[in-house]
Amino acid sequence: MAQQLSTSAQVTSCLVASGGLLSSGMTVAFPSIYKEQRLPTEISWLGSASHFAMIGGSLLVGPLMDSFGRKIGLVLALSFSMIGWSFIGGSGWLVPGRLMTGLSAGIVSAPVSVLVAEISAPKLRAHLTVYKHTAFSLGLFIMYSFGLIFKDRWQLSSLICGGLSFLSLISVVAWVPETRRGLTNVSYGPFFAALPRRKDVSRPFLLMAGLASLKQLSGTTVVLSYASQLLVAGGDTQAELGAVYIGAVRLAASLFAAPLAARFGRRSLASLGGYLSSLSLLVMAGGSSQSLACLLVFVFSSAISSSAIQALVGEVFPLDFRAVCTGLTTTATYVSAFAALHSHPWLLSSLGLHRLLGIYATIAVITTLIVIFFLHDTAVTVKEVELGQPDAEEVIEPLKEETKEMVAADEVKQNC
């Protein structure tokens, strides 16, 4: 596909496709601008309904792309987004609207990633993949800005978000080409059969899914979804403006993460981000009055750490189960994010802010220790394996031998 498109067409198509992540960022940040008083149970579902739907979306997206194509998956996701924001802004149907926008967010990430990979030439791909994270962060910043500009007029903000989703949908239809379909071969049965038998499947999957889950349970998404409320609880008198600062810092982190990872390595970046995240949470849990400064450090460091871990997700899994492992790791992320968001309101009311931050800090410390002692930078890339680089062979050959032994053992059992 890249050979059939000019450089400008590749860049335009990838930018337009990545724009689908704008709605995902706005979906995550919406609870921060919603200020109406509700019961803790209602607030709990308002904040977490979207991530509950993301779980279903992440499980559907593989077969969806397989059957109908990547572009159709992206168009469907943006359609759900537009409908969901219309529910919230036009009718005030908060939970149904949040479920629809969450379903969109659960679907949209995979087709964007695949489209960018299949549309762009290798020399452009490293740069264009950054825009996916930038678009998500820009969505956060836009929603926080709406909270500052429109104050309590959250329905107007939602209608504008629906309009942005509509513009993104039209742009995708006009400028994003379909690439391929029927090639992802998403199959969960063989994966679960191989999980207890193949260490090259089980070890990276458990590590990456565990890290992704712990990152969410340490408050990463909670801070983004309840930025204004956390600033108010910390004594900040300009919470809406502080939330905009948080969005700007998150946006900057998405731009700096890739060059920082290239300069220092992804494991080093994940370790540094984890260390700073843990430190900022511990300072806030200790009762620091500098809640905004600590949250800014937490958001920036957590973003670069998560970006480094997500970059490794695409490389550490074996080729035959890469699609399934990546999809299930994403599902684990959404499940833990849902648990963190759903429990946050009643944990905050029962434990208080500082004790809850202490729990988040403890989980962040555990996550950082796992990164330091168990996470390794991938020594070779998929391309190096395909090209038969010497270093790649040293890494991949033991895994080939282990797989051959398992296949031989299965044949013996079948013959018996």
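# Helix packing and burial: worked exercises

In this predicted model, H2 passes H7 in a right-handed crossing. The exercises below begin with that pair and then turn to other parts of the protein.

**Exercise 1. Describe the packing of H2 against H7 and list the residues that meet.**

Solution.
Step 1. Two packed helices are described by the angle between their axes and the distance between the axes.
Step 2. For H2 and helix H7 (residues 130-150), the angle is about 35° and the axes lie 7 Å apart.
Step 3. On the H2 side, the contacts involve Leu22, Ser24, Gly25, Met26, Val28, Ala29, Phe30, Ser32 and Ile33. On the H7 side, the partners include Ala135, Phe136, Gly139, Met143, Tyr144 and Gly147.

**Exercise 2. Describe the packing of H2 against H5 in the same terms.**

Solution.
Step 1. The axes of H2 and H5 cross at roughly 140° and come within 9 Å.
Step 2. The handedness of this crossing is left-handed.
Step 3. From H2, Ser24, Thr27, Phe30 and Pro31 take part, and they meet Leu94, Arg98, Thr101, Gly102, Ala105 and Val108 of H5.
Step 4. Phe30 of H2 thus appears in the contacts with H5 and also in those with H7.

**Exercise 3. Determine how many residues of H2 are buried, and compare the span of H2 with the expected span.**

Solution.
Step 1. Helix H2 covers residues 22-33, which is 12 residues.
Step 2. The distance from its first C-alpha to its last is 16 Å, close to the 16 Å expected at 1.5 Å a residue.
Step 3. The cut-off for burial is under 20% relative accessible area. Among the buried residues of H2 are Ser23, Thr27, Pro31 and Ser32.
Step 4. The count is 12 of the 12 residues, so H2 is largely enclosed by the rest of the structure.

**Exercise 4. Locate the largest nonpolar core and its best-connected members.**

Solution.
Step 1. The largest nonpolar core has 77 residues.
Step 2. The members touching the most others are Phe30, Leu74, Met143, Tyr144, Ile246 and Leu281.
Step 3. Helix H5 (residues 94-119) makes the greatest contribution to this core, with 9 residues.
Step 4. Beyond its neighbours within four places in sequence, Leu74 is in contact with Ala17, Val108, Pro111, Val112, Leu115 and Val172.
Step 5. Another core, of 27 residues, lies apart from it, with Leu195, Ala261, Val313 and Cys325 among its members.

**Exercise 5. Establish the number of disulfides and the burial of Cys161 and Cys325.**

Solution.
Step 1. The test requires a pair of cysteine sulfur atoms within 2.5 Å. The resulting count is 0 disulfides.
Step 2. Cys161 has a relative accessible area of 0% and is therefore buried.
Step 3. Cys325 is likewise buried, at 0%.

**Exercise 6. Place Gly265 in the structure and state its burial.**

Solution.
Step 1. Gly265 sits in the loop between helix H13 (239-264) and helix H14 (266-285).
Step 2. Its relative accessible area is 15%, so Gly265 is buried.
Step 3. Gly265 and Ala308 are separated by 43 residues in sequence, and their C-alpha atoms are 8.5 Å apart.

**Exercise 7. Summarise the protein as a whole.**

Solution.
Step 1. The protein contains 19 helices and 0 strands.
Step 2. Of its 416 residues, 51% are buried.
Step 3. Among contacts between residues at least 6 apart in sequence, 84% join residues at least 24 apart.

Conventions. Residues are numbered from 1 along each chain as its sequence is written. This is a predicted model: local features need pLDDT of at least 70, side-chain atom pairs count only at pLDDT 80 or more; totals for chains, interfaces and linings use all residues. Side-chain values use heavy atoms; hydrogens and water are left out. A nonpolar core is a set of buried Ala, Val, Leu, Ile, Met, Phe, Trp, Tyr and Cys residues joined through side-chain atoms within 4.5 Å. Buried means under 20% relative accessible area, exposed over 50%, partly exposed in between (1.4 Å probe, protein chains only). Helices (H or I, at least four residues) and strands (E, at least two) are DSSP runs, numbered from the N terminus. Contact means heavy atoms within 4.5 Å. The expected span of a helix is 1.5 Å times one less than its number of residues. Axes are lines fitted to C-alpha atoms, for helices over the stretch in contact, and angles run from 0 to 180 degrees between N-to-C directions. A crossing is left-handed if the near helix is turned anticlockwise from the far one by less than a right angle, and right-handed if clockwise.
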